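Student: I am new to this structure and would be grateful for a close look at a single part of it. Please take one helix and explain how it sits among its surroundings.

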Amino acid sequence: EDPTRIHNIVVLLPFFLDQIPLGNYVDDSTKVLSADSKNAMDFYLGCQLARQNYNSPDLNVNVYFMDDKNDSLKIANSFKSKPFPNVDYIVGPITGKNLKIASSLAKYTQINMISPVVNSMFIKDNPYYFNANASLKSQYSFILEQLQKQNNSKTLEIIYDGLDSTAENISNLKYIVNDVYKLSNVKYISLRATDDISKSLFIADTLSERVAIIYSSKEPYVKSILAKIKPIKNHFSIYTSSCLKNSKGLADLKLTDDVFCVYPYNTSNANNAKFAVKFEALYQKKPTDLCFQAYDIMMHLFSLIENKQHLQDNLYSVSSNSNNTQTKFQFKPIINKNGEIDFYDNTFMYQYKLSSGSFVLTNP
């Protein structure tokens with residue numbers, strides 16, 4: 001590979017530049033920006049800070065920011081304009097609305113695309129699509145792995161809403177449970193949020209410890225099931241996806257069971273604090289999750305490009321993410337039943353445990 005070759009990264013963001021009135025922009029930009037534009041600015045500033053902080057003279061990279069206006073036509077047209085087709089990585093879009101079209105275009109043009117925030121587990125047969133935050137498939141795999149490490153003989157009870165047509169299909173989880181982890185001692189319980197749970201979860205032995213996974217990414221459903229499990233006499237360890245992490249009002253439930261959730265970010269570290277100080281000094285505002293995420297992804301890509309590695313390799317150790325502020329990157333292929341790659345997931349995540357209403361890190 002030519003060492004002088006310049007690498008191009010394109011970042012798709014919903015700036016909506018034409019809607020920003022220039023006159024007021026400088027005076028008080030916060031009043032006139034839509035939520036989309038604010039998010040785009042946050043992400044943009046995180047990228048900028050990464051470029052300033054990545055202090056290698058050997059890094060030949062251009063970063064292009066394109067205003068995708070959250071619009072499918074605009075995204076399709078971006079792929080036809082410069083610097084395409086000479087692009088090494090696409091980062092974006094930051095909302096879920098056009099994830100499918102952007103990922104199909106990435107596949108068609110054979111350019112690796114990282115979805116920085118929103119993840120999908122429904123993208124099929126696309127080895128060019130990368131979730132920066134683990135999809136539900138990897139979140140539940142992570143939970144099952146934690147449970148396997150404890151190698152207890154308890155029955156794993158999986159509670160899901162079988163009548164919710166938009167819910168994650170339970171067959172996805174059954175595949176992971178049976179084919180990937182080969183767990184045999186599993187009981188599936190289909191429960192509506194309105195069902196009487198005491199019947200379906202009642203067992204005669206009220207003293208034994210029980211383990212349950214609530215299989216849902218809908219926070220209201222998970223909360224209603226947690227509240228219903230509470231009166232059952234057995235002590236439960238309950239595992240949930242990231243949907244519960246920032247849930248409000250959990251203290252009011254006064255739960256006595258242990259509740260765990262997985263989540264891609266940890267903001268209580270030194271790098272995070274250091275970044276926040278620097279960011280505030282530069283931009284006179286507090287960084288949001290998006291600023292940190294943009295920074296981490298860019299630092300990761302810069303380091304890959306400089307070390308002539310690829311997103312797919314995954315040979316590098318997590319230590320190459322030593323500057324990261326909230327998450328690390330360990331991309332692994334998600335293989336479908338035909339043995340083909342559906343997409344790549346960042347399988348790195350943290351486990352949190354509920355403690356007086358909020359979640360505390362268990363694996364720093």
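Tutor: A residue is called buried when its relative accessible area is under 20%, and exposed when that value is over 50%. The model shown is a predicted one, and the part chosen here is helix H5, residues 99-109.

In H5, the buried residues are Leu99, Ala102, Ser103, Leu105 and Ala106. Seen down the axis of H5, these buried residues fall within an arc of 160°, and therefore they line one face of the helix. Lys100 and Tyr108, on the other side of H5, are exposed.

The next matter is what the buried residues meet. Those of H5 pack against helix H4 and against three strands: S3 (89-91), S4 (112-115) and S5 (129-131). After H5 comes glutamine 110, which has a positive phi, near 55°.

The helix also belongs to a wider setting. The largest nonpolar core has 42 residues, and Phe84, Ile90, Ile158, Ile213 and Tyr215 touch the most other members. H5 is among the elements that each supply at least two residues of this core; the others include H4 (72-78), helix H7 (170-180) and strand S8 (210-214). Helix H6 gives the largest share, six residues. Apart from this core lies another, of 40 residues, with Ile9, Ile94, Ala276 and Phe302 among them.

To return to the helix itself, H5 has a buried face, while Lys100 and Tyr108 on its other side are exposed.

Terms used. Residues are numbered from 1 along each chain as its sequence is written. This is a predicted model: local features need pLDDT of at least 70, side-chain atom pairs count only at pLDDT 80 or more; totals for chains, interfaces and linings use all residues. Side-chain values use heavy atoms; hydrogens and water are left out. A nonpolar core is a set of buried Ala, Val, Leu, Ile, Met, Phe, Trp, Tyr and Cys residues joined through side-chain atoms within 4.5 Å. Buried means under 20% relative accessible area, exposed over 50%, partly exposed in between (1.4 Å probe, protein chains only). Helices (H or I, at least four residues) and strands (E, at least two) are DSSP runs, numbered from the N terminus. The arc is that of the directions from the helix axis to the C-beta atoms. Contact means heavy atoms within 4.5 Å.
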